[in-house]
Amino acid sequence: MISQRQLLIMSVPIILYIILFSYVPLWGWTMSFQNFRPAKSFFAQEWVGLKWFKFMFSDPVFLRTVRNTVMMSLINTTLGFISAIGFALLLNEIRSVPFKRITQTISYLPHFLSWVIVTGLVSTMLSVEDGAVNNLLITLQIIKEPILWLSEPKYFWGIVGATYVWKELGWNTIIYLAAIAGIDPTLYEAAEIDGCGRWKKMYHITLPSIKPTIIILLIMSVGHILDAGFEMQYLLRNGLVQDVSDTIDIYMLMFGLQRSNYSLATAAGLFKNVVNISLIFAANEIAKRAGEERLI
Amino acid sequence: MNRFSKENGGFVFNTLNTAFMVLFSVVMLYPFWNTIAVSFNEAVDTIRGGITLFPRKFTLQNYKLVFATGSIPHAFMVSVARTSLNVVTNIFFTAMIAYVLSRQNFVFRKSFTFIIVISMYINAGLIPNYFLMKNLHLLNSFWVYVIPTMVNAFNFLIVRTFLRGIPESFIESVRMDGGGDFTIFLKIILPLSTPALATVGLFVAVGAWNSWFDTLIYASGRVNLHTLQYKLMEFLQSSQAQSRGAGDIGAMGMSDVSNMVTPVSIRAAITVIAAAPIIIVYPFVQRYFVIGMNLGGVKE
């Protein structure tokens, strides 16, 4: 024990720090069962049981944010997977190493830009006045009048999905390219001797080899079904599209910090957390059953 | 014959694939390139439209005005200050806890590791965290940018994975000379784990530089704590709602037409300033990010 004194001095404050910033605030979940008033002490708070949860699940605004969150999350995940796998397969076929490297470097540049910058670029590109997308579509004579992309609810989920793919495609591809790089080259040689062309090799060797990676990532993404991203929607939304743009996180922000209904916002957060954690554990269990390595 | 046709098909595929990659790169780069062109173009001329890859009437006026307002240079400094402090504190404390928990004989190794790893999966949420900052008197204080983010569980995993590769004999040699664990940490661990710490530092730097949400919820009440990304966010939100006017900077038109500014031009200039640090260092450091991504993937 004496010999470990320095190790203890170095680690105990950090662990206490982590407990303070990650675990102590969990106590705040009690707010969702109270009519919380910040001025009162904990013992003076009025306890209201499940009042806020009942309110939430009968509130059409909240139910709409749940729908929006799940839908945008599904769209982003699906588009994200298909585009990343497709891009990894195509990039893998590029023979020139410098060209491949430059393309890949460009592909994950937007990952490092902030959502503020990215959504700013998106709204510039989609602008009605001289926006590149409208200009291009008009030049190609696909449309006659510029489209108000960000003011029409029917386009919003698609724009969010496209923005997500634009920003994260390259980054999502890295893990697949690493998996492809690990494939035994003799497999390809054997396939060539058997007369397999490019597509057959892709279908019979590359895809099955990265299947475990795909499955693990798919299962992991199940745990994040209520994390549709918050910044994208918050930054791209406006009054005209709020019925389709607002997610659970935006609901929490609106009711919690702007209208000071702390209890309702905490209840919404608790709901999201409980669903998330259960899904992560379920996903972990499914991964174990499927014979894949544990995720947590 | 068969061989010939296959290679012919390969040629068509390769050409199309290369063309696709070029088109893809254009789609990735164009929005930013265009913004740079607009930021260097005369504001009034930009309104006419048609600026694509290069400025038509080159000017530095947009940048001069952005820097003349005072609030943007100040916000830039706030961002620089928080980013550097975040990087330094994160590297130091993350490396320290990673070293302690890489000691196989440390009594609390398992339980402390468990506490850190589980903290990745739980998040009390917006409101409880807000009240924590409030109770700690961190609201509208510069330290709200630094204190809550000093240790990161994901970075801890990266550094600990790396530390496993440091030979035990190095550590023992310092111990023989009578050095304690803290000496070992300073003299051996910190210098030897530079590659992993550089990766972690870059992740932290990018995250800190790009963050704006903590300003919105914890520090929006004090203008002199606004970060550059937060300023840009405010400006974008107000220039999107055109009806509400152009915001404080956009309204600063001057009598001479060539000196006038518009929200579009100012917005382009601020965007370029906010992205510049990342774009400039990116080509030199991007391989560290990929190393980090692969190290982080190796769990337990």
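## Helix packing in chain B

For the angles that follow, an axis is a line fitted to C-alpha atoms, for helices over the stretch in contact, and an angle runs from 0 to 180 degrees between N-to-C directions. With that in hand, welcome to this predicted model. A good place to start is α4(B) and helix α9 (residues 181–192) of chain B, whose axes are 11 Å apart and which pack at an angle of about 100°. Angles of 65 to 115 degrees count as roughly perpendicular, so α4(B) is roughly perpendicular to α9(B). On the α4(B) side the contact is made by B:A95, B:M96 and B:Y99, and on the α9(B) side by B:F185, B:I189 and B:L190. By class, that contact holds six nonpolar residues, with no polar and no charged ones.

Another pair in chain B has another geometry. Helix α7 (residues 153–163) of chain B and helix α10 (residues 194–210) of chain B have axes that come within 9 Å and cross at roughly 170°. Since angles over 145 degrees count as roughly antiparallel, this crossing makes α7(B) roughly antiparallel to α10(B). From α7(B), the residues in contact are B:N155, B:I158, B:V159 and B:F162, and α10(B) answers with B:A196, B:L197, B:T199, B:V200 and B:F203. Seven nonpolar and two polar residues make up the contact of α7(B) with α10(B), and no charged residue takes part.

## Two domains of chain B

The domain assignment splits chain B into domain 1 (2–68 + 241–297) and domain 2 (71–219). Where they touch, 13 residues of domain 1 are in contact with 15 residues of domain 2. On the domain 1 side, α3 (61–68) and α14 (263–297) of chain B each supply at least two residues. Of that side, the largest share comes from α14(B), with 11 residues. Sorted by class, the domain 1 side has 11 nonpolar, two polar and no charged residues.

## The nonpolar cores

Which residues touch the most other members of the largest nonpolar core? Among its 115 residues, they are A:A268, B:V159 and B:I270. Helix α4 (residues 71–100) of chain B gives the largest share of this core, 12 residues. Both domain 1 (2–68 + 241–297) and domain 2 (71–219) of chain B give residues to this core, so the core lies between them. As a general note, nonpolar side chains tend to be buried together in soluble globular proteins.

Two of those well-connected residues can be placed further. B:V159 is one of the α7(B) residues that make the contact with α10(B). A:A268, leaving aside neighbours within four places in sequence, is in contact with A:M56, A:F62, A:I248, A:Y251 and A:M252. There is also a second, separate core of nine residues, including A:F87, A:I174, A:Y176 and A:L177.

## A helix pair in chain A

Some contacts of A:A268 return in the packing of helix α3 (residues 60–92) of chain A against α12(A), where the axes come within 8 Å and cross at roughly 145°. The residues making this contact are A:F62, A:T65, A:V66 and A:T69 of α3(A), together with A:I248, A:I250 and A:Y251 of α12(A). They divide into five nonpolar, two polar and no charged residues.

## Where the chains meet

The contact between the chains takes 58 residues from chain A and 66 residues from chain B. On the chain A side, the elements giving two or more residues are α1 (5–23), α4 (97–107), α5 (115–125), α7 (153–181), α10 (231–236), α12 (248–258) and α13 (262–289). The largest share of that side, 11 residues, comes from α1(A). By class, the chain A side has 36 nonpolar, 18 polar and four charged residues.

## Loop residues worth a look

Most residues other than glycine have a negative phi. A:S260 is not a glycine, yet has a positive phi of about 55°. This residue sits in the loop between α12 and α13 of chain A, and A:S260 counts as partly exposed because 13 C-beta neighbours lie inside 10 Å. In chain B, B:N140 also has a positive phi, near 50°, and is a residue other than glycine. B:N140 lies in the loop between α6 (126–135) and α7 of chain B, and is partly exposed, with 15 other C-beta atoms within 10 Å.

Is A:N261, found in the loop between α12 and α13 of chain A, buried or exposed? A:N261 is buried, because 20 other C-beta atoms lie within 10 Å. Not counting residues up to four places away in sequence, A:N261 touches A:F255 and A:G256. A:N261 and A:N35 are 226 residues apart in sequence, but 8.9 Å apart in space, C-alpha to C-alpha.

Technical notes. Residues are numbered from 1 along each chain as its sequence is written. Chains are lettered from A and ligands numbered from 1 in the order in which they are written. This is a predicted model: local features need pLDDT of at least 70, side-chain atom pairs count only at pLDDT 80 or more; totals for chains, interfaces and linings use all residues. Helices (H or I, at least four residues) and strands (E, at least two) are DSSP runs, numbered from the N terminus. Angles under 35 degrees count as roughly parallel, over 145 as roughly antiparallel, 65 to 115 as roughly perpendicular and the rest as oblique. Two residues are in contact if their C-beta atoms, placed from the backbone, lie within 7 Å. Ala, Val, Leu, Ile, Met, Phe, Trp, Tyr, Cys and Pro count as nonpolar, Asp, Glu, Lys and Arg as charged, and the others, Gly among them, as polar. A residue is buried if 20 or more other C-beta atoms lie within 10 Å of its own, exposed if 12 or fewer, and partly exposed in between; C-beta atoms are placed from the backbone. A nonpolar core is a set of buried Ala, Val, Leu, Ile, Met, Phe, Trp, Tyr and Cys residues joined through C-beta atoms within 7 Å. Domain bounds come from an automatic or database domain assignment.
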